[in-house]
Amino acid sequence: MACAPCRTPPRRRSSRLTGRGRLALLTAGLLTAVAVAAAVVLIRPDDGETPRDLGSLTVPEGRRATQVYALADQALGLEAGTTRQAAKDTRLALPAAADGNPEGYLFPATYPLDESTTPATLLAFMADTADERFRQAGLDAGARRLGLSAYEAVTLASIVQAEADTPADMGKVARVIHNRLDQDRALEMDSTLNYALGRTSLDTTHEDTRTDSPYNTYARPGLPPTPIGNPGEQALRAALDPPAGDWLYFVTVRPGDTRFSEDYAEHRSHVEEFNRERAAGGGD
């Protein structure tokens with residue numbers, strides 16, 4: 001999920017760079033993500049005798065690894081924590097930079113389940129799918145062109161996935177991130193801070209921005225050390241080939257209306273409009 005837009009609410013709220021709009025958007029975003037992910041249905045190769053079909057598991061774009069583990073446990077009828085433990089015990093097709101952490105490489109799609117499916121085989125299917133889809137998207141060459149490692153590009157794509165209000169916004173969000181990296185500015189992304197705190201809040205306080213974490217992109221320069229979720233192919237392509245532009249700020253004033261700015265004064269005016277919208281709608 002993406003974070004709340006930059007604004008200046010009462011009670012020591014921080015002035016923030018990026019985010020979404022109202023809580024209502026979260027529900028709409030989830031439904032959209034599920035619909036998109038459901039369109040990518042993966043078929044297990046035929047290896048002879050066909051085990052009994054047990055349905056499927058849909059992983060929406062942007063879900064964190066912990067959320068994917070919970071979805072898998074539920075789909076397979078297993079005790080909570082089983083898939084998380086399997087991720088620790090299973091050797092997956094991950095880049096060396098991941099150091100065994102599958103975050104970012106549990107590709108969002110719909111996976112068939114049958115009586116032979118285990119957490120280990122399901123996670124391996126997801127990681128293998130990520131490897132294939134990322135190669136098709138030109139990950140290695142695209143990352144080199146941008147002066148990033150492939151792992152850094154996936155990390156950047158995960159932030160794009162979390163922050164963009166709509167798929168159409170992904171390219172511009174990616175450009176903002178690239179521009180801030182190029183200028184050695186802190187990214188100041190609420191989505192990375194939420195990842196550090198294990199939450200999906202719409203609000204970030206000044207105290208939050210002092211959190212001691214490598215995922216606190218208010219306090220730490222550059223990208224976080226790992227992806228913050230599992231991006232889809234569209235977010236990755238946006239990260240690898242964003243449109244030209246000088247934007248440094250963005251805020252979603254209302255669902256479907258994200259404003260990108262080069263100038264901070266203009267950005268603040270958009271933030272004020274967002275505050276008025278939120279106050280009029282009774283948002284938190």
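Helix pairs whose axes meet at under 35 degrees count as roughly parallel, those over 145 as roughly antiparallel, those from 65 to 115 as roughly perpendicular, and the rest as oblique. With that cut-off in hand, helix 2 and helix 3 are a good place to start. In this predicted model, helix 2 (residues 65-76) packs on helix 3 (residues 82-89) at an angle of about 120 degrees, and the two are therefore oblique to each other. Their axes are 7 Å apart. On the helix 2 side the contact is made by Thr66, Tyr69, Ala72 and Asp73, and on the helix 3 side by Thr82, Thr83, Arg84 and Ala87. It's a mixed bag chemically: three of these residues are nonpolar, three polar and two charged.

Helix 3 itself has a buried side and an exposed side. Thr83, Ala86 and Ala87 are the buried residues of helix 3. Looking down the axis of helix 3, these buried residues sit within an arc of 105 degrees, so they line one face of the helix. The spacing fits a general rule: an α-helix has 3.6 residues a turn, so residues three or four places apart point the same way. Turned away from the buried side of helix 3 is a face that carries Lys88 and Asp89, both exposed. As for what covers the buried residues of helix 3, helix 2 and helix 4 (119-136) are among the elements that do so.

Those two covering helices also pack on each other. Helix 2 and helix 4 meet at an angle of about 130 degrees, and their axes lie 11 Å apart; this pair, too, is therefore oblique. The crossing of helix 2 past helix 4 is right-handed. Val68, Tyr69, Ala72 and Leu76 of helix 2 make this contact with Pro119, Leu122, Leu123 and Met126 of helix 4. Here the chemistry is simple, with eight nonpolar residues, no polar ones and no charged ones. Tyr69 and Ala72 of helix 2 appear in the contact with helix 3 and in the contact with helix 4.

Further along the chain, helix 7 (residues 170-182) packs against helix 9 (residues 233-240) at an angle of about 45 degrees, with 8 Å between the axes. Helix 7 and helix 9 are therefore oblique to each other, and their crossing is right-handed. Met170, Gly171, Ala174 and His178 come from helix 7, while helix 9 supplies Gln234, Ala235, Ala238 and Ala239. Five residues of this contact are nonpolar, three are polar and none is charged.

Strand 1 (residues 53-58) includes Asp53. Asp53 is exposed, at a relative accessible area of 58%. Leaving out residues up to four places away in sequence, Asp53 touches Leu113 and Asp114. The C-alpha atom of Asp53 is also 9.3 Å from that of Ser116, a residue 63 positions away along the chain.

Zooming out, the protein has 10 helices and four strands, and along the sequence they follow the pattern α-β-α-α-β-α-α-α-α-α-α-β-β-α. Of the 284 residues in the protein, 51% are buried. Among contacts with a separation of 6 or more, 70% link residues 24 or more positions apart.

How values were computed: Residues are numbered from 1 along each chain as its sequence is written. This is a predicted model: local features need pLDDT of at least 70, side-chain atom pairs count only at pLDDT 80 or more; totals for chains, interfaces and linings use all residues. Side-chain values use heavy atoms; hydrogens and water are left out. Axes are lines fitted to C-alpha atoms, for helices over the stretch in contact, and angles run from 0 to 180 degrees between N-to-C directions. A crossing is left-handed if the near helix is turned anticlockwise from the far one by less than a right angle, and right-handed if clockwise. Contact means heavy atoms within 4.5 Å. Ala, Val, Leu, Ile, Met, Phe, Trp, Tyr, Cys and Pro count as nonpolar, Asp, Glu, Lys and Arg as charged, and the others, Gly among them, as polar. Buried means under 20% relative accessible area, exposed over 50%, partly exposed in between (1.4 Å probe, protein chains only). The arc is that of the directions from the helix axis to the C-beta atoms.
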